[in-house]
Amino acid sequence: MANTLDPAKHHDHGGHSHSDMSNADGRRRVKIAAILTAAFMAAEIVGGLISGSLALLADAAHMMTDTASLALAWFGYRLAAKPADERRSFGFARLRILAAFTNGLALIALAVWIFIEGIQRLIEPQPVLAPVLLGVAILGLLVNIIAFRVLHGGQKDDLNLRAALWHVAGDLLGSVAAIVAALIIIGTGWMAIDPLLSMLVAGLVAVAGWHIAKQSGHILVEGAPAGLTAREIAEDLKANVPGLASLSHIHAWSLTETKPLVMLEAMHAPTACPNQVRDGIKARLAARFHVTHATVEMREDSPSTTVEPC
């Protein structure tokens with residue numbers, strides 16, 4: 001089997017999907033949101049301990065994980081700017097995925113703890129200082145609105161920023177739940193609403209944790225990205241790349257959630273130029289599947305009958 005691949009073109013490292021300016025803007029916005037979230041998390045812990053509110057402590061636990069998530073998002077921007085080296089040819093991008101997987105498991109563990117504590121509070125009700133709970137929850141709502149607006153003003157196609165935005169949106173729901181609990185306790189004296197709403201927040205936290213762990217785990221085990229299976233790649237390339245005879249050994253996986261990778265072997269038609277077929281494959285992968293890093297090996301089982309040089 002003859003390998004006609006030009007070594008200089010064996011790897012196609014595409015450019016970054018975001019400019020340095022947008023990365024700097026996203027890093028700044030995430031940093032502001034992380035500082036706001038961390039500061040109010042401390043206030044919620046103090047307020048929850050003083051008031052005896054599990055809803056407030058549950059939301060503080062949620063904000064603690066969100067602070068870590070925002071910090072990881074900020075760290076991800078820093079890592080993205082760090083060049084690859086001889087020992088890490090892809091750089092440090094995968095560390096962010098590993099951290100996300102750990103963070104997802106932590107969310108689930110926190111949700112379980114909140115559920116257990118909520119059940120105990122339902123069995124043995126404890127008094128809640130509703131005015132303290134209400135004041136802290138309102139302050140938290142204002143902080144979360146500010147953080148949400150800071151993140152919402154960034155690049156809309158920045159997935160890292162969008163993930164941080166959804167974390168803050170979850171904090172907004174937690175603050176609303178705490179406000180509702182405080183108002184019901186003030187109006188009716190029904191203390192059970194505090195653990196019930198805290199368990200509702202825990203359910204949202206668990207769902208978020210499951211999705212984060214599932215998506216990051218899929219990347220860590222080299223799973224194929226959505227819409228990028230070997231069958232889908234083969235069908236599209238055969239229909240849209242002139243001179244392509246066959247494909248084999250197709251592998252698709254992701255370095256991060258925004259950087260898919262593809263490796264495959266291709267055979268060109270007898271009268272086709274292998275270099276043109278290879279370039280056509282890479283161009284189609286970039287245009288159709290947004291794959292900017294593809295390794296394409298051209299092979300031929302018989303001598304080419306190409307007349308024109310290529």
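A residue is called partly exposed when its relative accessible area lies between the limits for buried, under 20%, and exposed, over 50%. By this rule R284, at 24% relative accessibility, counts as partly exposed. The legends below describe close-up views of a predicted model.

**Figure 1. Overview of the protein and its order of elements.** The protein contains eight helices and four strands. Read from the N terminus, these elements follow the order β-α-α-α-α-α-α-α-β-β-α-β. Of the 310 residues in the protein, 44% are buried. Among contacts with a separation of 6 or more, 77% are made by residues 24 or more positions apart. The accessible surface amounts to about 15900 Å², and carbon and sulfur atoms contribute 66% of that area.

**Figure 2. A network of salt bridges centred on the side chains of D236, R284 and R288.** D236 and R284 meet through their side chains in a salt bridge, with an N to O distance of 2.7 Å. This pair links distant parts of the chain, since D236 belongs to helix α7 (residues 230-240) and R284 to helix α8 (residues 274-289), 48 residues apart. D236 also forms a salt bridge with R288, where the closest N and O atoms are 3.8 Å apart. Here too the pair connects distant parts of the chain: D236 in helix α7 and R288 in helix α8 are 52 residues apart. Through shared partners, the salt bridges join D236, R284 and R288 into one network. D236 has a relative accessible area of 12% and is therefore buried, whereas R288, with 42%, is partly exposed. Side chains of opposite charge can pair when their charged atoms come close.

**Figure 3. A salt bridge within helix α3 (residues 93-123), between R121 and E117.** The closest N and O atoms of R121 and E117 are 3.7 Å apart. The two residues are about one helical turn from each other, because they lie four residues apart in helix α3. An α-helix has 3.6 residues a turn, so residues three or four places apart point the same way. R121 counts as buried because its relative accessibility is 9%. A search of the whole structure finds six salt bridges.

**Figure 4. Helix α4 (residues 130-152) and its buried residues.** At 1.5 Å a residue, the 23 residues of helix α4 should span 33 Å. The C-alpha atoms at the ends of helix α4 are 32 Å apart, which agrees with that expected span. Buried residues of α4 include A130, L133, L134, V136, A137 and G140. V143, N144, A147, V150 and L151 of the helix are buried as well.

**Figure 5. A nonpolar surface patch formed by V46, I50, L129 and V132.** Together, these four residues have about 330 Å² of accessible area. V46 is located in helix α1 (residues 20-51). Its relative accessibility is 47%, so V46 counts as partly exposed.

**Figure 6. The antiparallel strands β2 (residues 244-256) and β3 (residues 259-268).** Nine bridges join β2 to β3. The connection from β2 to β3 is a hairpin of two residues. Across the pair, S248 stands opposite E265 in β3. In a regular strand the side chains alternate between the two faces of the sheet.

Technical notes: Residues numbered from 1 in each chain as written. Predicted model: local features only at pLDDT ≥ 70, side-chain atom pairs only at ≥ 80, totals over all residues. Heavy atoms only, no water. Pairing = 2+ DSSP bridges. Expected span 1.5 Å × (residues − 1). Buried < 20%, exposed > 50% of the residue type's maximum accessible area, 1.4 Å probe, protein only. Contact = heavy atoms within 4.5 Å. Areas by Shrake-Rupley, 256 points an atom, 1.4 Å probe, with all protein chains shown as cover. Patch = residues over 30% accessible without salt bridge, like charges linked within 9 Å, V, L, I, M, F, W, Y side chains within 5 Å.
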